[in-house]
Amino acid sequence: MAESESPENRVAAMESTSSSRSYLNFSIRRRSPVTDSASTEMMGSEGLKSSGKACDKVKIENQSDMKFNYRPSMPAHSGVRESPLSSDAIFKQSHAGLFNLCIVVLVAVNSRLIIENLIKYGWLINSGFWFSSKSLRDWPLFMCCLSLPAFPLASYLVEKLAYRNCISELVVVFLHIIITTASLLYPVLVILRCDSALLSGGTLMLFACIVWLKLVSFAHTSSDMRAIAKSIDKENTPSISLNADNCYDANFKSLVYFMVAPTLCYQSSYPRSASVRKGWVVRQFVKLIIFTGFMGFIIEQYINPIVQNSQHPLKGNLLYAIERVLKLSVPNLYVWLCMFYCFFHLWLNILAELLRFGDREFYKDWWNARTVEEYWRMWNMPVHKWMVRHIYFPCLRNKIPKWAALLIAFFVSAVFHELCIAVPCHMFKLWAFIGIMFQVPLVVITKFLQNKFKSSMVGNMIFWLFFSILGQPMCVLLYYHDLMNRKREN
């Protein structure tokens, strides 16, 4: 008994057991090669008569493997694994199914809310949202919009004179300042003098701001190319070479294409696509009509009743104001997301497709922004590229600190946000200006939190909270009540 329990006997028994297991595995592994070799000889001598025989042989081999590999004695647990929702493995898994579930739940919940709203309040949309008799009196705004191309033409003539050395550089700068300023002040004066509809005034003001930004880019880029050309002529900077993209010449065709292209940064040529996909354009137009109608439905059916039954958020009860803001946040967020999808994705891509404009990076994944600064860099790429090209880097080249250059960029953005809202509303309360300038401390706060917690979720949640849940609904309430007070006073 003692002899059988000795360590030598135990080692011998273990070795025999392991050898028997290895022999079993070896015999299992040997089954398929034998069959394969036999089939190979058969193929070499006689060949397979049909592919059905080969399939039958594979099935037999698989059944043989299952016979030995899926026995009750085989171990079911062969490694260290974590649950899919554990903290270490949750970001390594695909959550596409849960994402689909969220979409289904979101559609179901909102469908119930829409049906409940229609049963309780009825159909609140009227034709005045789309067209009213007041819109017929907006013909001065329409004529002003048609006259805006005169300003690019004037800028082209100035550059043509500068190209022929008919006027000095100082005169060129002075004339461009007059033209760009007039292109912005002229629509502002027309809107303020006419009792126009809010939608008409907002559309004209948006066009005027786009024309101003394009003219500034055209003047600034032309001045820079002119300076490069003069440097090469004087052989002061032999390392600089003019290529097809920065060759200086006042080209009228390039300017016309730039004025209608979905970009705010001028250059003599752009990347172009090979052809126009007509079917794709039609599908995008259908989507544009559908989502525009959905925006109108949410505004008339949800947002208007909420703001009409609310008080001024800065003059009433604080808890009541918070409740109104939170109630308004969800439909306002839907409208904002639909606006982004309609303008930045559908409309700009339709325009780019019709013009065969190649660079269609109109936005990046701003919804994943970890800081407010990242959001403003990714949300509106045409404006961001314009700001970087014509404000931020020129400030840095003139020895202005980065924080001051960032502040100047936000200041310019705040001014144009205020113009696009205050001028159509015929009142200047500076709520949009304050809201944009408030982004500067949020940039600092979110960047600090991102560096401290080293987590993308903290900054992203702060961005969604302050920008979409609290900020935009508050601005809507402020402007609505100030607009109503102005109308009552008149």
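Helix α5 (residues 150-163) and helix α8 (residues 252-260) pack against each other in this predicted model. Their axes come within 11 Å and cross at roughly 150°. The crossing of α5 past α8 is right-handed. On the α5 side, the contact uses P152, L153 and Y156. On the α8 side, F252, L255 and M259 meet them. By class, this contact has 6 nonpolar residues, with no polar and no charged ones.

M259 also leads to another helix. It touches K214, which lies in helix α7 (residues 198-233). K214 touches F258, A261, T263 and L264 as well, leaving aside residues up to four places away in sequence. Is K214 buried or exposed? K214 is buried, yet it has no salt bridge. The nearest side chain of opposite charge belongs to D359, and that is 13 Å away.

Step back to the whole chain. It has 16 helices and 0 strands. Of its 490 residues, 34% are buried. Now take the contacts between residues at least 6 apart in sequence: 73% of these join residues at least 24 apart.

P271 gives an example of distant parts of the sequence meeting. Its place is in the loop between α8 and α9 (278-308). P271 and G358 are 87 residues apart along the chain, but their C-alpha atoms are separated by 4.7 Å. P271 touches R356, F357 and D359 too, not counting residues up to four places away in sequence. With 45% relative accessibility, P271 counts as partly exposed.

The same loop between α8 and α9 holds R277, which pairs with E353 in helix α10 (residues 318-355). These two form a salt bridge, with the closest N and O atoms 3.1 Å apart. The pair ties together parts that are 76 residues apart in sequence. R277 is partly exposed, with a relative accessible area of 42%. E353 is buried, at 1%.

How many salt bridges does a search of the whole structure find? It finds 11. Another of them joins E169 to R226, with the closest N and O atoms 2.8 Å apart. E169 lies in helix α6 (residues 169-193) and R226 in helix α7, so this pair ties together parts 57 residues apart in sequence. E169 is partly exposed, with a relative accessible area of 30%. R226 counts as buried, because its relative accessibility is 4% and the limit for buried is under 20%. Through shared partners, salt bridges join E159, E169 and R226 into one network.

A salt bridge can also sit within one helix, as E116 and R112 show: both lie in helix α3 (residues 96-121). They are 4 residues apart, about one turn of the helix. The closest N and O atoms of this salt bridge are 2.9 Å apart. E116 is partly exposed, with a relative accessible area of 40%. R112 is partly exposed too, at 48%.

Now turn to α12 (381-397) and α13 (402-425). Their axes come within 9 Å and cross at roughly 145°. This crossing is right-handed. α12 brings M387, I391, Y392, C395 and L396 to the contact. From α13, the residues in the contact include K402, A405, L406 and V412. By class, the contact divides into 10 nonpolar, 1 polar and 1 charged.

The loop between α12 and α13 holds K399. Its phi is near 65°, a positive value in a residue other than glycine. K399 is exposed, with a relative accessible area of 75%. H426 lies in the loop between α13 and α14 (431-437). H426 is not a glycine, yet it has a positive phi of about 60°.

Notes:
Residues are numbered from 1 along each chain as its sequence is written. This is a predicted model: local features need pLDDT of at least 70, side-chain atom pairs count only at pLDDT 80 or more; totals for chains, interfaces and linings use all residues. Side-chain values use heavy atoms; hydrogens and water are left out. Helices (H or I, at least four residues) and strands (E, at least two) are DSSP runs, numbered from the N terminus. Buried means under 20% relative accessible area, exposed over 50%, partly exposed in between (1.4 Å probe, protein chains only). Lys and Arg count as positive and Asp and Glu as negative; His and the chain ends are not counted. A salt bridge is a side-chain nitrogen of Lys or Arg within 4 Å of a carboxyl oxygen of Asp or Glu. Contact means heavy atoms within 4.5 Å. Axes are lines fitted to C-alpha atoms, for helices over the stretch in contact, and angles run from 0 to 180 degrees between N-to-C directions. A crossing is left-handed if the near helix is turned anticlockwise from the far one by less than a right angle, and right-handed if clockwise. Ala, Val, Leu, Ile, Met, Phe, Trp, Tyr, Cys and Pro count as nonpolar, Asp, Glu, Lys and Arg as charged, and the others, Gly among them, as polar.
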